[in-house]
Amino acid sequence: MTSYQSDITAIVGAQWGDEGKGKITDFFAGNSDYVVRFHGGNNAGHTVIVDGETYKLHLIPSGIVYGSPVSIIANGVVVDPKALIDEIAYVINKGITPKLMVSDRAHVIMPYHIALDSVLSGHQAKLAAGSTGRGIAPVYADKMFRNGIRIIDLLEPDIFKEKLKKGYSFSKNLIEKALGGTFDISMDSIYDDYIEYGNKLNSYVCDTSVELFNAHKSGKSILFEGAQGISLDVDHGIYPYTTSSNTAAGHISTGTGVSFRDIGKIIGVVKAYLSRVGESPLPTEIHGEEANNLREKGAEYGTTTGRPRRVGWLDLVQVRQAVRVNGLTEIALTKLDILNGFKTLPICISYEIEGKQVKEMPASLHDYRCAKPVYTSLPGWGDLPNNIWDMGFDALPKTMKEYISYIETEVECPVKIISVGPQRHETILR
Ligand code: IMP
């Protein structure tokens, strides 16, 4: 196993999230000077296994487990300060001294955002995305309403009070008067708690855009760590079954203040099958015993919510869109080992929608609800030798190489990283 590095690399999800980005990020993080989250919040769940030790992270970039890179939570991320303080304590407890910077411009998740999230999903009924309940949609909505509280505000008590009055009364009215819920936490107690959170986080807060600009200028390497996946992107995903941020690589610029001109390599992480936590139509979903086997073998349970994930076959209509929208320069294909032992492996190459063959993700929810997967079935492979990662690409079973090459041809993007196990070393580079 060798490793390589370009100055600025981005890693993004090419499906519904949970593709194994944590592992791929961690694989590159050791050679990076900075590892940066640019969107989303603690709705994300990244699992990294190093030397047999499992780390479950939600907000802090996965690179933290290395110790040497600086971890940055940039302005596009929404921060639950209590969750961040707890996660800092979690990594310190694991023996890591966090080198962490948090953008002064990042928006803050408030208790009323979390309350709103649950009231909203009831209100949205069949069109609710099955949110993680972390307040993500309400905090991004408040940002756009210009009711938001930013990290910097927690360090300026008078400004915080002024802004909190506006945001608090807006959300309380929304919860109670418009949506028929209740919100009983007083403004004074929120004020006291959040001023304290600000004090605890103060030493991590800075202008992370300037930090990254100077780092890039002086030749430092930067890794952008995406959360969620393309089908959860609020513009390009299966709206309204999406998250509330842009998950696509294009958001790196606005979410960090680093120009898109500077980004070199964009790696899309594709799991060799599909999983989805939350609601939405899912054309390649499988059910019953076959699904249970795949779920158990792949340990497909939400890192953030613990919910059993829905599972299905690889959908190349989705990956094709991920390649185009993100401008992927390469694919990292993960969890291939979970498919060991399947006699045949169906891959969805297009949808049939009311008699028409469709190769691109439809915008129409009606069409997506009607989409029937059109499959190609490829022969599977048996068990892999224990140390397959040391033997390189050529040693992979012929049928696995054909599976990989089929994907490359269909989506027009090279698969350069192949992951055959959860640990960092269980990786093959081409
Ligand atoms: P929210 O981001 O909590 O508002 O949830 C919106 C949708 O995105 C729901 O379907 C969630 O299950 C899904 N989602 C959010 N974050 C993740 C993630 O990190 N992995 C997978 N699904 C996610």
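Reading the structure from Arg310 outward

Arg310 is placed in strand S13, and this residue makes a convenient starting point for a walk through the structure, which is a predicted model. Setting aside neighbours within four places in sequence, Arg310 is in contact with Leu274, Ser275, Arg276, Gly278, Glu279, Ser280, Pro281, Leu282, Glu285 and Arg295. With one of these residues, Gly278, there is a specific polar approach, since the side chain of Arg310 reaches the backbone oxygen of Gly278 at 3.0 Å. With another, Glu285, Arg310 forms a salt bridge in which the closest N and O atoms are 2.9 Å apart. This pair links distant parts of the chain, 25 residues apart, with Arg310 in strand S13 (residues 310-312) and Glu285 in the loop between strand S12 (274-276) and helix H9 (288-297). Glu285 has a relative accessibility of 21% and therefore counts as partly exposed, given that the term buried is kept for values under 20%.

The residue before it in numbering, Arg309, has a salt bridge of its own. Its partner is Glu300, and the closest N and O atoms of the two are 2.6 Å apart. Arg309 counts as buried because its relative accessibility is 6%, and Glu300 is buried as well, with a relative accessible area of 0%. The pair does not stand alone, for salt bridges that share partners join Asp18, Lys271, Glu300, Arg309 and Lys335 into one network.

In general, side chains of opposite charge can pair when their charged atoms come close. The structure holds 19 salt bridges, and a further example is the one between Asp153 and Lys163, whose closest N and O atoms are 3.1 Å apart. Asp153 lies in the loop between helix H4 (136-145) and helix H5 (157-178), whereas Lys163 lies in helix H5, so the pair ties together parts that are ten residues apart in sequence. The two partners can be described separately by their cover: Asp153 is buried, with a relative accessible area of 2%, while Lys163, at 29% relative accessibility, counts as partly exposed.

Returning to the stretch of chain that follows strand S13, the reader meets helix H10 (residues 316-326), which is mostly covered, nine of its eleven residues being buried. Those buried residues are Leu316, Val317, Gln318, Val319, Arg320, Gln321, Ala322, Val323 and Asn326. At the start of H10, a side-chain oxygen of Asp315 comes to within 3.0 Å of the backbone nitrogen of Val317, and after the helix comes Gly327, whose phi is positive, near 65°.

The last part of the picture is the ligand. There are 17 residues around the ligand, and those that come nearest are Asn43, Ala129, Thr132, Thr243 and Val277. By character, the residues of this shell divide into five nonpolar, nine polar and three charged. Several polar approaches can be traced atom by atom: a polar side-chain atom of Thr243 lies 2.5 Å from an oxygen atom of the ligand, and a polar side-chain atom of Gln228 lies 3.1 Å from a nitrogen atom of the ligand. Arg276, which was named above among the contacts of Arg310, also takes part, with an N or O atom of its side chain 2.9 Å from an oxygen atom of the ligand. Taken on its own the ligand has 470 Å² of accessible area, and the protein covers 97% of it.

Terms used. Residues numbered from 1 in each chain as written. Predicted model: local features only at pLDDT ≥ 70, side-chain atom pairs only at ≥ 80, totals over all residues. Heavy atoms only, no water. Near = heavy atom within 4 Å. Polar contact = N/O pair within 3.5 Å; in protein donor to acceptor, adjacent residues only side chain to side chain. Areas by Shrake-Rupley, 256 points an atom, 1.4 Å probe, with all protein chains shown as cover. Nonpolar A, V, L, I, M, F, W, Y, C, P; charged D, E, K, R; others polar. Salt bridge = Lys/Arg side-chain N within 4 Å of Asp/Glu carboxyl O. Helix = DSSP H or I, 4+ residues; strand = E, 2+ residues; numbered from the N terminus. Buried < 20%, exposed > 50% of the residue type's maximum accessible area, 1.4 Å probe, protein only. Contact = heavy atoms within 4.5 Å.
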